[in-house]
Amino acid sequence: RILILDFGSQVTQLIARRVRESGVYCEIWPFSTEPDRIRTFHPRGIILSGGPASVTETGSPRAPEAAFALGVPVLGICYGQQTMCAQLGGEVAGSDHREFGRAHLDITEDCGLFRGVWSRGGREQVWMSHGDRVVSLPPGFRAVAVSEGAPFAAIADERRRLYGVQFHPEVVHTPHGAQLLRNFTHDVCGCAGGWTMQGFREMEIARIRAQVGEGRVICGLSGGVDSSVAAVLIHEAIGEQLTCIFVDHGLLRAGEADEVVATFRDRFNIKLIHRDASALFLDALEGVSDPEIKRKTIGRLFIEVFDEEARKLGGAEFLAQGTLYPDVIESVSFTGGPSVTIKSHHNVGGLPDKMHMQLVEPLRELFKDEVRALGRTLGIPEHIVGRHPFPGPGLAIRIPGTFTAASLDILRRADAIFLEEIRAAGLYDAIWQAFAVLLPVRSVGVMGDGRTYDQACALRAVTSTDGMTADIYPFDMAFLSRVSGRIVNEVRGINRVTYDITGKPPGTIEWE
Ligand code: XMP
């Protein structure tokens, strides 16, 4: 396995994903990790990530000496390359010439990192983002590629198996980057590449059995990807010892609650408690218009109802959660100088703190796309594993202001038409999230010979890789007018449809 030491780059997680795609297990730890912890991890190789700091500033982060003392191969990327050079006797300087974006690399030497991908004399496209650059190499290193802004764009000391690149092989804008990382993990580090979801499934099932023994596990099921995959995996491990609790808050999309029951109870034979708490939630939310109060109310009720159902069951010592790897990575942040913050590990409503149960988190080493792949090996239907993200508070935050059972129903029907048309056009998988928002606005319209005075709805569809930033999906007009025509004709109560063309930032994905 490979250890990635993080210097705070925004794309460190991409390094991990590329390494895992090459069939090699890896973890991301902060650059400041204790040497002993690094040694006991027994990495086959170490990757030093990029980062926002400057090696030329005093007090900027350095790789732990253990990274070089272990004698395993090291690959430094961008800041990682610079600090490796600075620490091993080379020199780094600031530069007036900032390279940002696409750049060309001239390959001047063959090396292990390039084997079978790039060869001497070639000109290759890469993605750069740096101000500082290496100006003199540590003893033992030679330059193997140059770019306009970086005379040492790629360097190697093949005897000690140390490599550095100024560009970012982990991003898709470096077309052969994934192969270079594969060369590093397979050829240079000698990893076999046996990390597959099938292998993970077997290993994790054994681990769950060992942890749980004869104990009983309860799992909150929402119908989303993570809790679904966690539930099916745990069920495969311990069968009847697992009970799932599905708290139905009545804020799901059309048909979703029935689908959860049909899939997990009927198809997978999982013991499932379906608690229809929609009246309770609707009551508590009556007249509430502030988005934060909506969220808090829903979160509180969710825990209460879940807790109540869990008590009725009695005797379960374990609580299963679909926590993913991005939630548990100890992140490095650089607000006002290097500082290490640990992300909170909370999931839906912070269940565990209150319940004094041991956690079973079988997905805590996986990225979202790995969870989907695992779900497919477990036979979970595509409409669940490939599903768009859906917020915990559900449709409550898709009707700005106050709402009622009737307005939820109107929204559900408009949303279902939009999603049905998106699926029919084959666009579902190209979109990160798509949904309708019911606006608290009435406008005048004309239908047949009559005047209407009904609500407007907004359609929202975005592409994104992590939900942190998003671009609007560029539908063609014919598609949008077809959806608009259907909604206005088929959904009583809506007489006007708009398409939200705001990116994130400055907009958020949801309207509340
Ligand atoms: P925003 O609206 O902040 O959304 O751009 C980013 C992503 O987070 C989802 N989201 C939520 N998920 N509880 C959730 O579980 C929430 O309160 C919540 N608010 C937003 C949103 O759907 C998008 O995927």
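Visitor: Which two strands form a hairpin with 6 residues between them?

Guide: β9 and β10 do. Keep in mind that this is a predicted model. Strand β9 covers residues 142–147, and β10 covers residues 154–157. The two run antiparallel, joined by 3 bridges. One pair to find is Ala145 with its bridge partner Ala154 in β10.

Visitor: How should I picture the side chains along a strand?

Guide: In a regular strand, they alternate between the two faces of the sheet.

Visitor: How many bridges join β10 to β11?

Guide: There are 4, and these strands run antiparallel. They form a hairpin with 4 residues between them. Look in the turn for Arg161, which has a positive phi of about 55°. Then find Asp157, which stands opposite Leu162 in β11.

Visitor: What comes after β11 (162–165)?

Guide: A loop lies between β11 and α5 (177–188), and His168 has its place there. Glu170 lies in that loop too.

Visitor: Where does UniProt place the feature "active site"?

Guide: The unreviewed UniProt entry puts that feature at Cys78, His168 and Glu170. These residues span 93 residues in sequence, yet no two of their C-alpha atoms are more than 11.2 Å apart, so they gather at one spot.

Visitor: Is His168 buried or exposed?

Guide: To judge this, count the other C-beta atoms within 10 Å; 20 or more means buried. His168 has 23, so His168 is buried. Glu170 has 27 such neighbours and therefore counts as buried as well.

Visitor: Which residues does His168 contact?

Guide: Leave aside its neighbours within four places in sequence. His168 is then in contact with Val11, Gly50, Ile77, Cys78, Trp127, Ser129 and Thr174. Cys78 is also one of the UniProt positions. By a similar count, Glu170 touches Val11, Leu14, Ile15, Arg18, Gly177 and Leu181. Val11 appears in both lists.

Visitor: How is the protein chain divided?

Guide: Into domain 1 (2–188), domain 2 (197–385) and domain 3 (402–499). The centres of domain 2 and domain 3 are separated by 29 Å, taken over C-alpha atoms. Across their contact, 6 residues of domain 2 meet 6 residues of domain 3. On the domain 2 side, those residues divide into 3 nonpolar, 2 polar and 1 charged.

Visitor: Which residues are around the ligand?

Guide: Arg295, Pro389, Pro391, Gly392, Pro393, Gln433, Gly467, Lys504, Thr508, Ile509 and Glu510. By class, this shell has 4 nonpolar, 4 polar and 3 charged residues.

Notes:
Residues are numbered from 1 along each chain as its sequence is written. This is a predicted model: local features need pLDDT of at least 70, side-chain atom pairs count only at pLDDT 80 or more; totals for chains, interfaces and linings use all residues. A residue is near a molecule or strand if its C-beta atom, placed from the backbone, lies within 6 Å of it. Ala, Val, Leu, Ile, Met, Phe, Trp, Tyr, Cys and Pro count as nonpolar, Asp, Glu, Lys and Arg as charged, and the others, Gly among them, as polar. Domain bounds come from an automatic or database domain assignment. Two residues are in contact if their C-beta atoms, placed from the backbone, lie within 7 Å. UniProt positions are given in the numbering used here, feature names are shortened, and annotations may be inferred rather than shown by experiment. A residue is buried if 20 or more other C-beta atoms lie within 10 Å of its own, exposed if 12 or fewer, and partly exposed in between; C-beta atoms are placed from the backbone. Two strands pair if DSSP finds at least two bridges between them.
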